[in-house]
Amino acid sequence: MKVHSSSTPIWSQLLGNKYGKDLIWGTPKGIRQDDWLIGTSVIASHFANSFESNNYSIGGGESVFAWSFLPMNSNAEVFRPRVWSYFWMDLERAFAFDVNSKVTVLLLGSFLFLLILTRNHFYLSAFGSIWLYLSGVTVWWNCSIGSMLGYGLITIVAFLLFLNTQKRLLQYILAFIILCATYSFVLNLYPPIQIPVILFLIILFIGLVLQFKMNLGHLKLLSFESGLILAVGLIFGGLLYNYFHLSAETVHSILSTVYPGKRSFDGGDLPFYKIFSESFILFFSDSNFPKAWTNISESSNVLMFFPVVIPSIIYNFYNRKFDYLEISYFIIFIVSFSYMFIGWPEFLCKITLFEMVQDFRVLAVFGYFNVLFTIYFLSKQLKSNGSISIKEGVVVAIFYLFLAIL
């Protein structure tokens, strides 16, 4: 199959032709130039160059290892499933597999994780994963941001399954999945998204373990499980060392530039209206949007329900109904909003690496976690009451009516 969601058919339009057979459905988006103009062209050139580490069409013959989305003639590619297709398919099919793998990672990772979060509520988990996929920040970024979350969630799911099985073969398979997911996550090489994702996943994982009283006892100092996890860590470290060693010169050159190398941020500059931009995204397009939005991709977001969930968490906490997952979400909420609207001191930005993160990137990541915790909140309500109460429905309706008036 050569079907994918990239905007590459726009090349036909630029060459003065109609889309014709290039387009099955939808409209290619010119705003995604980093996709169809840069990324796709680089991949095609690299494919034609048989994946050699030096390509005079890319960077004047310098090492292309810093282009982390490219497949390489390296044994390390065994741990990057998204690029496998380039070694045994033609270019078009391989490219489609690559693009669609990002969607698969997000849908699969979020669905499996939500099954854990909701205690096996199939329909809510499926709804949550589809919600993430259809959100503006996923669609307008062609799932590049969503796949980072997907890799993180797959890592957590595989790790928890690893701790809860005694079958050796399954443990080896899960260890391999953990290694692939973590390595693929890191090689996305986009710190403005990866840094908040890592921080929020750690907070979420701690809440998950505490809330469901998960047993981590298999990781005893001299156990087989600990040895296997240690081996995964060593291989992962070796892979990263090999990658950054081969791309060191290019990375150094990038870091020496004004953009993106030496820029730094401390937050506090996000306009409040951007939080709810997704509520109105259906009324706009890439050629029709408010000037203050900059562009449709940068202003894309996720439908927010934290104004309903957060007061509920505070109410439960006030009444001594402790839920560690809710506390985790509240911490993520405080971290996100303090950075986006107040800003952090320079030293805090440096030690957390948030100096590399724009406030609107934190908003995108918070939006994804807003979905995960909203689904968890709904699962709790359904289990306690059997349904969502009329009062809760009215609160949500009034809130969005208020937004519409604004």
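Author: Helices in this text are DSSP runs of H or I with at least four residues, strands are runs of E with at least two, and both are numbered from the N terminus. The model discussed is a predicted one.

Reader: Where is Asn 120 found with respect to H3 and H4?

Author: Asn 120 occupies the loop between H3 and H4. Its phi is positive, about 70°, although the residue is not a glycine.

Reader: Why is Asn 120 called exposed?

Author: The relative accessible area of Asn 120 is 63%. Exposed means over 50%, and therefore Asn 120 counts as exposed.

Reader: What makes Arg 119 partly exposed?

Author: Arg 119 lies in the loop between H3 and H4 as well, and it too is a non-glycine residue with a positive phi, here about 60°. Its relative accessible area is 46%. Because buried means under 20% and exposed over 50%, Arg 119 is classed in between, as partly exposed.

Reader: At what angle do H3 and helix H4 pack, and how far apart are their axes?

Author: The angle between H3 and H4 (residues 122–134) is about 145°, and their axes are 8 Å apart. Their crossing is right-handed. On the H3 side, the contact includes Val 103, Leu 106, Leu 107 and Phe 111; on the H4 side, Phe 122, Ser 125, Ala 126 and Tyr 133 are among the residues involved.

Reader: How many nonpolar, polar and charged residues does the contact of H3 with H4 have?

Author: There are 11 nonpolar residues, four polar ones and no charged ones in the contact of H3 with H4. Ser counts as polar, so Ser 110 of H3 and Ser 125 of H4 belong to the polar class.

Reader: Why are H11 and H12 called oblique to each other?

Author: Helix H11 (residues 306–318) and helix H12 (residues 324–342) pack at about 125°, with 10 Å between their axes. Roughly perpendicular covers 65 to 115 degrees and roughly antiparallel begins over 145; the angle of about 125° falls in neither class. H11 and H12 are therefore oblique to each other. The crossing of H11 and H12 is left-handed.

Reader: Which residues of H11 and H12 make the contact?

Author: H11 contributes Phe 306, Val 309, Ile 310, Ile 313, Ile 314, Asn 316 and Phe 317, while H12 contributes Glu 326, Ile 327, Tyr 329, Phe 330, Phe 333 and Phe 337. By class, 11 are nonpolar, one is polar and one is charged. Glu counts as charged, so the charged residue is Glu 326.

Reader: Why is Glu 326 called buried?

Author: Buried means under 20% relative accessible area. Glu 326 has 6% and is therefore buried.

Reader: What makes the pair of Lys 380 and Glu 326 a salt bridge?

Author: A salt bridge requires a side-chain nitrogen of Lys or Arg within 4 Å of a carboxyl oxygen of Asp or Glu. For Lys 380 and Glu 326 the N to O distance is 3.0 Å, and the side chains meet in a salt bridge. The pair links distant parts of the chain, with Lys 380 in helix H14 (residues 359–385) and Glu 326 in helix H12, 54 residues apart. Lys 380, at 26% relative accessibility, is partly exposed. A network of salt bridges joins Asp 323, Glu 326 and Lys 380.

Reader: How many salt bridges does the structure hold?

Author: The structure holds seven. One of them joins the side chains of Arg 82 and Asp 98 at 2.8 Å, N to O. Arg 82 lies in the loop between helix H2 (33–48) and helix H3 (91–117) and Asp 98 in helix H3, so the pair ties together parts that are 16 residues apart in sequence. Both Arg 82 and Asp 98 are buried.

Reader: Are Asp 90 and Arg 93 buried or exposed?

Author: Neither label applies, because each value lies between 20% and 50%: Asp 90 is partly exposed at 34%, and Arg 93 is partly exposed at 35%. Their side chains form a salt bridge of 2.7 Å, N to O.

Reader: Why does Gly 150 count as buried?

Author: Its relative accessibility is 0%, and buried means under 20%. Gly 150 sits in helix H6 (residues 144–163). Leaving aside neighbours within four places in sequence, Gly 150 contacts Val 105, Leu 106 and Gly 109. The C-alpha atoms of Gly 150 and Val 105 are separated by 5.1 Å, although the two are 45 residues apart along the chain.

Methods:
Residues are numbered from 1 along each chain as its sequence is written. This is a predicted model: local features need pLDDT of at least 70, side-chain atom pairs count only at pLDDT 80 or more; totals for chains, interfaces and linings use all residues. Side-chain values use heavy atoms; hydrogens and water are left out. Axes are lines fitted to C-alpha atoms, for helices over the stretch in contact, and angles run from 0 to 180 degrees between N-to-C directions. Angles under 35 degrees count as roughly parallel, over 145 as roughly antiparallel, 65 to 115 as roughly perpendicular and the rest as oblique. A crossing is left-handed if the near helix is turned anticlockwise from the far one by less than a right angle, and right-handed if clockwise. Contact means heavy atoms within 4.5 Å. Buried means under 20% relative accessible area, exposed over 50%, partly exposed in between (1.4 Å probe, protein chains only).
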